[in-house]
Amino acid sequence: MERPGAFGLTVGLSIGLSAALGGCTTGDLPMNYLRTFGARGDPITALTWGLLVQSIVVVVLVSLAVILGIYLRRSRFEHPEGEREPLVRRSGGITFIGVGIALTLVALLGSTVWTVATLAAINDPPSDPPLTIAVRGQQWWWKVTYKGSPDQQFETANEIHIPVGEPVRLELTTGDVIHSFWVPSLGARMDLIPGQTNVTWMEANRPGIYRGQCAEYCGKQHAHMALRVVADPPDQFQKWRQNQLRPAAEPAAEIAAFGAERFLLRCGACHTVRGTPAGGGVGPDLTHLMSRGSIAADTLPNTPGHLAGWIADPQAIKPGNRMPKVDISGPELTGIRTYLETLR
Amino acid sequence: MRKLILTLALAAISDPAGAHAGGGRADFSWSLEPWVLASLGAAALAYGIGLARIRAEAGDRIVGGGNVAAFLAGLAVLFTALASPVDTLSDDLFSMHMVQHLLLMLVAAPLMVWSRPFLVFLWALPRSLRRSFGRFPARRGAARALNLLSHPVFVWSAFCGVFAFWHIPGPYGLALRHESVHILEHACFFASGYAFWAVVMSPGGRRRLEYGASVLYVGTAAVLSGLPGALIILTDRPFYPIHAEGAARWGLTALEDQHLAGLIMWIPAGFIYLAAICILFALWMREADRRAAAFARSMPTLAALIACAALLGGCGEGTEASSEAGGIGNVQRGAALISQFGCPACHTIPGIAGADGLVGPPLTKMGRRGYVAGVLRNTPENMTRWIRRPQAIVPGNAMPDMGISEDQARDITAYLYTLR
Amino acid sequence: MPSAAARMRTLPVGSVGVRASGWWGMMCLIGTEAALFAYLLFSYYYFAVQFGRSFLPNELPSVRLSGPDTLILILSSVAVWWGERGIRQGSTVRLAIGLLLGSVLGAVFVGIQYLEWLDKPFVLSADSYSSLYFTITGFHMAHVAVGVLILVVLLAWSVLGYFDRVRHAAVSIGAIYWHFVDAVWLAIFFTFYVTPYLGW
Amino acid sequence: MAVTEYDRAPLVEESTTDSPLARKLEALWETEPGIVGFFTTVDHKKIGIRYIVTAFAFLVVGGLEALVMRIQLARPNMTLLTPEQYDQLFSMHGLTMIFLYALPILSGFSNYLFPLLLGSRDMAFPRLNAFSYWVYLASGIFIYASFAMGHGANDGWFNYVPYALKAYNPGPNMDFYALGMVFLGISTTVGSANFIVTAFRTRAPGMSINRLPIMTWGTLTVSFGNLFAVPSVSLAFFLLWMDRQLGTHFYDTTADGQPLLWQHLFWMFAHPWVYVIVLPAMGMVSDGLPTFCRRPLVGYTAVVLSTVATMVLGFGVWLHHMFATGLPFLALSFFSGSSFIITIPSAVAVFAWIATIWTGRPVITTAFLYFASFIAMFTIGGVSGVMTASVPADFQLTDTYFVVAHIHYVLIGINLFGVLGGLYFWFPKMTGRMLSERLGRWNFWITFIGFNLGFLPMHLTGLFGMPRRIYTYPPDLGWNTLNLVTTVGAFMLAFGILLLFVNIFHSLRHGRIAGPNPWDGPSLEWAVPSPPPPYNFAVIPVVASRHPLWEKRLGEGIGESSVARGLVLDHGKETIGTTVLDAQPDVILKMPEDSWSPFTVTLGMSVGFTGLILTYWTPYGWAAAAAGLVLTGLGVLVWLWPERKLGQVAEHAHA
């Protein structure tokens, strides 16, 4: 008969799903959160797996109960033609409910204890974080400030470098609407809500690039509000940090100098390049733009081609975003791009 | 209660060093205040005497074993709430104070209702007094007043109102500072709780409110009594500074203590209400069963009276015409490179997803055009050169040199030549 | 026997007291309206716990106008109750007087409340406190206005002689709404005029 | 016929549909034909079918919106839609399905079935019933007017502030949504009141509360839920509108507003709402499944109790939608725990259904297949719900496609599958003809496979980290194939639904004629002809058990139910009013004639709401709003004017 087939399909899909889970987690899935790297993510991932397996088991058991029940007890009559199946009055049904509820309670109790234990484990970082990073959500990019004494504090955007193996404290605020900071592979997740500062932490236990994305709908370009967390070995992180603290270098080449001048005129009202008069606060700080792997909130890789295209027509790439399409001549575009390429 | 224990345990886990570290007193001692003991003792004595007299006259028909058990349990809960470490701790912790209040309102009160204390206490009085007291509720004025005071709407409002009122920081602080106000507060809780549960319980057999209405009565009170709890959870502002010091002794901040109190008020209390709702509902159904049977028996008259897939094209089709341009480079690889180098950001290129940039010229029908960049004849070689080094051919133009290798440029050209 | 007609016991016909469907409908309406005001007041308290004392205006709300106003509203409830008891005993006159008194007192309440609005140093769009104050009292005032209209219409109907000792479900239904509106005011009064003095 | 008495003892007689009594009743109850009857009818059966048809129309519209989005998401970096178009589509899709389809479809079934299940002749407030339909339709049109103008809601159905405030969303989009929701809330509220009073007051004598069909319990419970929950969302939207147009500061932080207030008010409503749109569907399964299993439902009391408990719990756990907003640690643990508890009542229902299958003799029909697969879908939606109730896991799951999959298993699996099963079950009653079983099987399998193909892999899309509400995605994140599969599944599901419509249109003409009781069902609706006459029951039946049509065969009941012989009520439009608990005859209720009032009052309100939205462009809008208010007031006055026919006016007056 075809009936068991349908439910078999459900079961099959569930099994296929778990197989796929097993297979795919080893693949290259930057946003996958069934595999995490660090003290915050790992307990969550264990819990997620546990609940997932429990869920699949429950679904399979219930589906089997339904299919088997139908298969074993089905009527001989094809309704509504002809003879009717007589009514039955069999007792014993209540036992199903009793046993079912008992099993459910056991599962729930286990889940509750595990959940609360996990929550306690991730509530506070394992040690006091030496590094505090303030992340401010903006439509549709991330402003990142490394906190410290005034000469140690600097600002960057969309790419957060952290030292491997050290917990990092995050202070999350928003400049406009609600966003949500989410780096799945590190288990870091918290909403950014106007009028309040939410605090959380994250940690990566191996070097790498971890993709994150805004996880609360925030408007037209919500889809393109991603970020990167780059975990560096501590010495490399220090090097990066020292570099970030430097102001921008004077452009040497003629075309770059021309570009710097045009940049100030065209872009300086919104963007900051430390060490130059460009000091706008609307868009990301570009002082060390070329140290970042991507532009436009991890929408495009940071290559000259993408950079040029983005400068020339940001509205074509992220329609509705806050960077206007500025009428810009070819030489100007080349100049600005060349100048930006000097911001290492 | 399981939740509560769990959370207390949790609080201890999350800050194990904090407990008992505050220096001062953090004890589990009993607060055996004489007046509490005296009044509980007097109640027990009176109940005992009354019970003995009733039993002597009427056996256990009027006050059964269940009622007596309820009285003893209620007494034990009152003792726990008012004389055990619960009371001592509630000087320190707002959360423990909340437990105390909930014990009074939601546990002791219904148990006491079930024990039918007024009836039994009446019997504890000498016969003459008993008679005049016994007649009192039947007097016209008294009956009216009692009727009004025990009206479900009034009791419900009083119950919710009293509960909310005493947890406003002002009155709450006042009670903590003045023992007499504190006693009044606890009396209010117990009395309103007693009145509340008396409406939905019927130890004497006469119900003041139907079961169905009782479900609604308890349900709405549950939600309304949860809201103050919600409010003190949903803030990061401590409102009960009076407990700051005490909480510190237990390794909690005043705010954590307040949150815990709010949660106790909301969730474990909520489950007590929920249990009450479920019981009342089940009783309602049982009552319907019982009455249907009684109805069928007593009213024979009535019995006698009644003897897709096609839509997915359009995005990946551009690579089909690959054979024609095959001599130049690899078309598929070219398409991938075009995306990789960001060409779509500036150019509209048929067959490439998202390639609708308007900065540079559209590259539609590139295979049929006469010139590249307006200066070079459109040959595969020129195209490849242009793609590799646009700035060398037309210095200062807007198209950047992107470090494209010869082979890559050939592949891109091959793709572009498929566009005819 | 089977085809013989039998008779049930005698039943009342039409809208009678709490047997009228309308009475049950009104109970549902009151339930949902009570929830509405509960959410409104929850919003107020939510702001209060977020901002603490600084949420309140510098000059705490006074009972100079609202106190007498509250009394007036309670009196109007008493009047309506008295009128409704009258029709239960068959007195249309008492009903009319009660409804008249009730609606006049209700109108006076609205008038005084309006004066108090004028008296406030802030406007609706000043800050969240002012928004809440005007919105909550405004919602209530709208309910009072509707209540007064109901009383007036009931008055007209009673003058037209539509009601007697048995048929007056509309009066009971309208009256209970009026009592409800008054009870809501007590909660609002407590929230705006009493809690600020309870120290938080 | 005027009331000539204050009380009367009704006759008890035997009657059939072709007796003189039935002909008299037919004349009394029948709606006038033609356009006048269309606008004035108060017949619950007509209104119920209108609800069902309208809700299905919205289902189709919402489904088409979903298909367009699925094309956009089929491949990475697609540019079929602009972000603005996508945002409007997903917002309109969500609010259409959740507000304009999911509850109204259930209201439609309840409207049609309540009086038939309860042995009554109409709803307690027939005119209010018509009114709630007209308002539903008007508010649906109101909300869709914005979409047609290109100003559809664009902030999701959940509509978080401050993005919904004027500073970030200056168009009229949100004003339409906000006012539309306030408008729709009126329909939901009056509808709920009507169900409550109907279920409590107008049952056949003897149908005590422990004999109510479970579907009645489901609707009754959620109606109470609605009464207490809907004001919250109406208020939230009204305050939003005030913030946008009157300059108040409830939600914006510039003058001490609180964006989280929106989330509290919204989820205080929306969490109970999740149960509101599934409990009646669960009730339909609890009534339909046993019919095909040839035995009464196992654990009637437990299932009813679980229904009520679920609703009550639903009011206490709204915070679990806000786990990531920065709640204190203690709150997270408590709410996680209490959210798990909700599983228990749901589990009671699931095991009751399984037990019913195991201890019954299931007869396999299309309706049965829908009901049985419902159990599995319910479980999938349930366990994924349990996962999101676990706070740490939810930190990762929330706002990803995992939650999208969850909500679709809840809404399609639990609501739509129940509804489709219900449709196959009750279609013969509504039309007098059977739906084709052959087409039905095709319809079921394609719908079932399409749905699971579309949404089971979507869990994986979520676990692989795809956030919700993004209009496109880059190709290198591993989401491409999964999304393509989902799109294929979505189209297959749509095709399955198309087959349903084919089946309906075919069967309306060519379906086999159904007798009064084609499935041999147990409850009162199967005792009347299909389709039922306008007065439903020629005499008011008397009930002595939970299964009046099965009781003899089951040996149930105290005494004997009687359908053919019962109370004669023929002095005008009348039905019986009974007591709440044990349904003793209490009063003879006079029912209203067909009336223009519901329609005219709706018109007045539409003018009012249109005026309010016009204030966005012109101050004259206020005048229109005021005019609408006056019209509404006058309409209500006319509506409520005491009528002698309804026994609202004293008899001696002017006599």
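Helices here are DSSP runs of H or I with at least four residues, and strands are runs of E with at least two, both numbered from the N terminus. With that in hand, welcome to a predicted model. This briefing looks at the overall build of chain D, and then visits four backbone spots in chains A and D.

**Build of chain D**

- Chain D contains 20 helices and six strands.
- Its C-alpha trace extends over about 75 × 60 × 50 Å when laid along the principal axes.
- The radius of gyration of chain D is 25 Å, in agreement with the value near 26 Å that a compact globule of 655 residues would have.
- Long-range pairing is a clear theme: of the contacts in chain D between residues at least 6 apart in sequence, 80% link residues at least 24 apart.

**Burial, surface and charge in chain D**

- Buried residues make up 76% of the 655 in chain D.
- The accessible surface of chain D is about 16,400 Å², and carbon and sulfur atoms account for 68% of that area.
- Chain D carries 34 positive and 36 negative side chains. The centres of these two sets are 8 Å apart.

**Cis peptide bonds**

- In chain D, the bond from Val161(D) to Pro162(D) is cis, its omega being near 0°. Pro162(D) sits in the loop that runs between α5 (126–148) and α6 (173–201) of chain D.
- In chain A, a cis bond with omega near 0° leads from Gln139(A) to Trp140(A), so here the second residue is a tryptophan. Trp140(A) lies in the loop between β1 (131–138) and β2 (141–146) of chain A.**Positive phi outside glycine**

- Ala297(A) has a phi near 55°, a positive value in a residue that is not glycine. Its loop in chain A falls between β11 (294–295) and β12 (300–301).
- With a relative accessible area of 1%, Ala297(A) counts as buried because the cut-off is under 20%.
- Asp520(D) is not a glycine either, yet its phi is positive, at about 55°. Look for Asp520(D) in the loop of chain D between α17 (480–510) and β3 (540–542).
- Asp520(D) is buried too, with a relative accessibility of 7%.

Key
Residues are numbered from 1 along each chain as its sequence is written. Chains are lettered from A and ligands numbered from 1 in the order in which they are written. This is a predicted model: local features need pLDDT of at least 70, side-chain atom pairs count only at pLDDT 80 or more; totals for chains, interfaces and linings use all residues. Side-chain values use heavy atoms; hydrogens and water are left out. The radius of gyration is taken over C-alpha atoms; the globule rule is 2.2 Å times the number of residues to the power 0.38. Buried means under 20% relative accessible area, exposed over 50%, partly exposed in between (1.4 Å probe, protein chains only). Contact means heavy atoms within 4.5 Å. Accessible areas come from the Shrake-Rupley method with a 1.4 Å probe; for residues, only the protein chains shown count as cover. Lys and Arg count as positive and Asp and Glu as negative; His and the chain ends are not counted. The place of a charge is taken as NZ of Lys, CZ of Arg, CG of Asp or CD of Glu.
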